[in-house]
Amino acid sequence: MIKKFPRKFRQVVFAAIMSIFTVMIVSATITFMHVGISHQFMGAWIKAFCAAWPIVFTAILIIAPVVNKVVDKIVD
């Protein structure tokens, strides 16, 4: 059986997973726009991912609770 994280870590786990997928998509798109499919793509993508991920992870940790409160106010 897979061991699960305790519920108290839900926000951090959410931020980690959401930021990983978001940064993968955005950094791949921007990297592709700048270098195209070439031998430089993977190295440039990894570099962009590593630079962006901590920023996006932190932003999601800070912004997600605020967004949830706003959504709660505008959704029935």
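Which residues of α1 are buried? I looked this up first and found A15, A16, S19, V23, S27, A28 and T31. I take buried as under 20% relative accessible area, exposed as over 50%, and partly exposed as in between, with a 1.4 Å probe and protein chains only. The helices I name are DSSP runs of H or I with at least four residues, numbered from the N terminus.

Basis of the entries. This is a predicted model, in which local features need pLDDT of at least 70 and side-chain atom pairs count only at pLDDT 80 or more, while totals for chains, interfaces and linings use all residues. Residues are numbered from 1 along each chain as its sequence is written, and side-chain values use heavy atoms, with hydrogens and water left out.

Entry: helix α1. I checked its length and got 26 residues, with 37 Å from the first C-alpha to the last. That is close to the 38 Å expected at 1.5 Å a residue; the expected span is 1.5 Å times one less than the number of residues. I then looked at where the buried residues of α1 go, and they pack against α2. Just after α1, I noted that G36 has a positive phi of about 65 degrees.

Entry: A28. I found A28 in helix α1. Why is A28 counted as buried? A28 counts as buried because its relative accessibility is 18%. Leaving aside neighbours within four places in sequence, I listed its contacts (heavy atoms within 4.5 Å) as V23, F41 and W45. From A28 to I46 I read 8.8 Å, C-alpha to C-alpha, for 18 residues of sequence.

Entry: helix α2. I placed α2 at residues 41-74. A straight helix of 34 residues would span 50 Å at 1.5 Å a residue, but between the end C-alpha atoms of α2 I found only 42 Å. I looked for a bend and found a kink of about 35 degrees at I63, shortly before the proline P65. The bend at a residue is the angle between axes fitted to the seven residues ending there and the seven starting there. The buried residues of α2 are F41, W45, F57, I60 and A64, and I saw that they pack against α1.

Entry: three residues of α2. F49 lies in this helix. Not counting residues up to four places away in sequence, F49 touches I20, V23, M24 and S27. The C-alpha atoms of F49 and I20 are 8.6 Å apart, with their positions 29 residues apart along the chain. I put A48 in α2 as well, and at 26% relative accessibility A48 counts as partly exposed. With the same sequence neighbours left out, A48 touches S27 and T31. I also took the C-alpha separation of A48 and R7, which is 31 Å. I62 is in α2 too. Is I62 buried or exposed? I62 counts as exposed, because its relative accessibility is 57%.

Entry: surface patch. I listed a nonpolar patch on the surface made of I17, I20, F21, M24, I25, V26, I30, F32, M33 and I37, with about 1,000 Å² of accessible area together. Patches take residues with over 30% relative accessible area and no salt bridge, joining like charges within 9 Å and nonpolar side chains (Val, Leu, Ile, Met, Phe, Trp, Tyr) within 5 Å. A salt bridge is a side-chain nitrogen of Lys or Arg within 4 Å of a carboxyl oxygen of Asp or Glu. Accessible areas come from the Shrake-Rupley method. I checked V26, one of the patch residues, and found V26 in α1 and partly exposed at 47%.

Technical notes: Accessible areas come from the Shrake-Rupley method with a 1.4 Å probe; for residues, only the protein chains shown count as cover. Helices (H or I, at least four residues) and strands (E, at least two) are DSSP runs, numbered from the N terminus.
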